[in-house]
Amino acid sequence: MEGSGFPPFAAGCQASEEGKRCEEEEIDFMKEVQILRKAMKGLGTDEDTLIKVTSRCSSHQRQTLNATYKQAFGRDLVEDLKSETGGNFENLLVALYQVPVEFEARCLHEAIKGLGTDDETLYEVITARYYRRDLHLLIDAYQNLYGKSLEEAIVGDCSGHFKKFMVALINNYRENEDYEDDRDLSMELAKKLLRAGELQLGTDESEFLRIICTTRNNNQLKETFEEYEKIAGKDFRDAVRAEFSGNIRDALLAFCTEIIEGGLAYHAELLHKSVSGICTDNKKIIRIIASREEIDLVNIMRVYTQVYDTSLVDDVTKETDGDYKKLLLAILNKRDV
């Protein structure tokens, strides 16, 4: 576009199995940042304009807006958004203007730093990246942002079998391509899991974790869980509930659910729990929407509707409010098909 210094994105929506990248109109980035600046200058803030500009852009386009805003005004767009907005609206805006993998790295840092650890955020982010086979991107982003390895941060803040499981996940990369079916191996591993738990007094936690973390790929592990159910007569997750407790149990259940049901169903479940409990878990809603918007959000929304017989849009409408609700709905409606 004339005067922007940046090429416009093509119009249209591109759909794929992973998700739906919406770029519904060409963007004149210099014009858009001037609109954003005007919305935040002076007394009061034009929240509707912030919502309109933010929601019509893809994540990649927002990164270009960040750069163009600094070029035009010598100011940081995210810092201006922080100073001019508040609450969940601010948190969602700031999340959407970050590179998704860097946003997730910051979520992990927030989960680890200070007194206590937000174990739930830690294992949900790590297991999701592990399932998608791009955990290395998160590990690199954490290192670049904080000058220390993610493993070092986990070891320094976690303990017990939970620490061992998290460290094992970030150090074991499965090969998922060119998978060859090996039911005999799955049956052998299922028997080993049974011997490590139900068939002995106590639980050999180390053997459980070794098998789960070193089985050669997700498909092989899913088959192992299927063989376990045939032999034991119950879902492998029931064994996890019986043999483990606390944060390691919850982390294993999250991981096993992604393997057994898939990432789409798992994240649909997380979102449903976030909007259907006594208190809405806005922190989790923001994390999932911002991190998966350009990956598979459209498919998560489809699964949500199929499983819960209601749409995510309808539930968000009922359980959120204000400008935060407007921005959420603008993002979701762009992908509601």
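Me: In this predicted model, how do the residues lining the largest cavity divide into nonpolar, polar and charged?
Reply: The lining of the largest cavity comprises 4 nonpolar, 2 polar and 5 charged residues.

Me: Which residues line the largest cavity, and which helices each supply at least two of them?
Reply: The lining consists of E104, E124, V125, A128, R132, H267, L270, R287, I288, S291 and R292. Helices α7 (119-132), α16 (263-276) and α17 (282-292) each supply at least two lining residues. The space in this largest cavity is about 70 Å³, and the count of cavities of 30 Å³ or more is 1.

Me: How is a pair of aromatic rings described?
Reply: Such a pair is described by the distance of the centres and the angle of the planes. In this structure the count is 10 aromatic pairs. For Y142 and Y146, the ring centres are 4.9 Å apart and the planes stand at 50°, so this pair is tilted.

Me: Where do Y142 and Y146 lie in the chain, and is Y142 buried or exposed?
Reply: Both belong to helix α8 (residues 135-146); because they are 4 residues apart, about one helical turn separates them. Y142 has 1% relative accessibility and therefore counts as buried, whereas Y146, at 27%, counts as partly exposed.

Me: Which geometry do F208 and F244 show?
Reply: F208 and F244 form an edge-to-face pair, with 5.3 Å from centre to centre and 80° between the planes. This pair links distant parts of the chain, 36 residues apart: F208 is in helix α12 (residues 205-214), and F244 is in the loop between α14 (236-243) and α15 (246-261). F208 and F244 are both buried.

Me: Which residues form one aromatic cluster with F208 and F244?
Reply: F225, Y228 and F236 join F208 and F244 in that cluster.

How values were computed:
Residues numbered from 1 in each chain as written. Predicted model: local features only at pLDDT ≥ 70, side-chain atom pairs only at ≥ 80, totals over all residues. Heavy atoms only, no water. 1 Å grid on protein atoms, 1.4 Å probe; cavity = no way out; pocket = protein on both sides within 12 Å on 5 of 7 lines; lining within 4 Å. Points joined across faces, edges and corners; volume = space filled by probe spheres on them. Nonpolar A, V, L, I, M, F, W, Y, C, P; charged D, E, K, R; others polar. Phe/Tyr/Trp six-rings, centres within 6.5 Å; stacked < 30°, edge-to-face > 60°. Buried < 20%, exposed > 50% of the residue type's maximum accessible area, 1.4 Å probe, protein only.
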